[in-house]
Amino acid sequence: MCGKAFIQRCDLKTHLRTHTKEKPYACEICDKRMARKSSLNEHLRIHTEEKPYVCEECDMAFTRRGNLKIHLRTHTKEKPYACEICDKRMAHKSSLNQHLRIHTEEKPYVCEECDMAFTQRGHLKTHLRIHTKERPCVCEECGMSFTRTDSLKTHLRIHTKEKPYVCEECGMAFTQRGNLKTHLRTHTKEKSYACEICQKAFCHKRNFKAHLRIHTKEKS
């Protein structure tokens, strides 16, 4: 069928099931069927919650040896999967597949509400909260809720007073990266907002919007 060769007859017999789709091993709990007995044994651990493969670094336990092997890369920093386009390396094959979509611009996860498309399933899941109004990320300090974890993390800095984004020019610190970026214009004198009517330019959007009212009043 495919020309693959095996040393033992039993291995060939097991392999042939990939072509015949035969699954002779059935789970007695949920009726799921497997092609190999070893796969059934692994599956049964979902029901028994047995996790025999334990990480010696952090004691996390897994039902499968392969999952432990993948987990160990968080400690060894091993990244065996390399992008052939930009040489970026990944610890997981799934991460490489996701990364490749940056280059191919493939967006397989599409929102049925507004047709926006995403490279990752998780990004679509987060986006859907715009439509469902779901806000699962809740601040324990004040009860404010957010659609995304990173938004909650940023909000928490109001309570913790943490300001991780520091200006190297003057030492001013900010809770959000965007606020630091806006502040830096006071040093660089960059004026990103230009008036199309009189060509006057501004560092900050709020000043630009205030300026536009001068022209709207003139027209009225």
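**A tour of salt bridges, a patch and a pocket**

Start by selecting D150 and R148, whose side chains meet in a salt bridge, 3.1 Å from N to O. Keep in mind that you are looking at a predicted model. D150 is partly exposed, with a relative accessible area of 42%, and R148 is partly exposed as well, at 39%. The count of salt bridges comes to eight, so there are others to visit, because the rule asks for a side-chain nitrogen of Lys or Arg within 4 Å of a carboxyl oxygen of Asp or Glu.

Next, pick E106 and R101, where the N to O distance is 4.0 Å. Here E106 is partly exposed at 41%, but R101 counts as buried, because its relative accessibility is 15% and buried means under 20%.

Now select E22 and R17, a salt bridge with its closest N and O atoms 3.9 Å apart. E22 is partly exposed at 42%, while R17 counts as buried at 10%.

Stay with these two, since both belong to the lining of the largest pocket, along with residues including F6, D11, H15 and K21. About 160 Å³ of space lies in this pocket. What kinds of residues make up its lining? They divide into two nonpolar, three polar and six charged.

F6 leads to another stop: together with M1, L12 and L16, F6 makes a nonpolar surface patch of about 400 Å². Select M1, in the segment before helix α1 (9-20); M1 counts as exposed, at 83% relative accessibility.

Finish at R129 in helix α5 (residues 121-132), which counts as buried at 15% relative accessibility. Add R177 to your selection: the two C-alpha atoms are 24 Å apart in space, and the residues are 48 apart in sequence.

Notes:
Residues numbered from 1 in each chain as written. Predicted model: local features only at pLDDT ≥ 70, side-chain atom pairs only at ≥ 80, totals over all residues. Heavy atoms only, no water. Patch = residues over 30% accessible without salt bridge, like charges linked within 9 Å, V, L, I, M, F, W, Y side chains within 5 Å. Areas by Shrake-Rupley, 256 points an atom, 1.4 Å probe, with all protein chains shown as cover. Helix = DSSP H or I, 4+ residues; strand = E, 2+ residues; numbered from the N terminus. Buried < 20%, exposed > 50% of the residue type's maximum accessible area, 1.4 Å probe, protein only. 1 Å grid on protein atoms, 1.4 Å probe; cavity = no way out; pocket = protein on both sides within 12 Å on 5 of 7 lines; lining within 4 Å. Points joined across faces, edges and corners; volume = space filled by probe spheres on them. Nonpolar A, V, L, I, M, F, W, Y, C, P; charged D, E, K, R; others polar.
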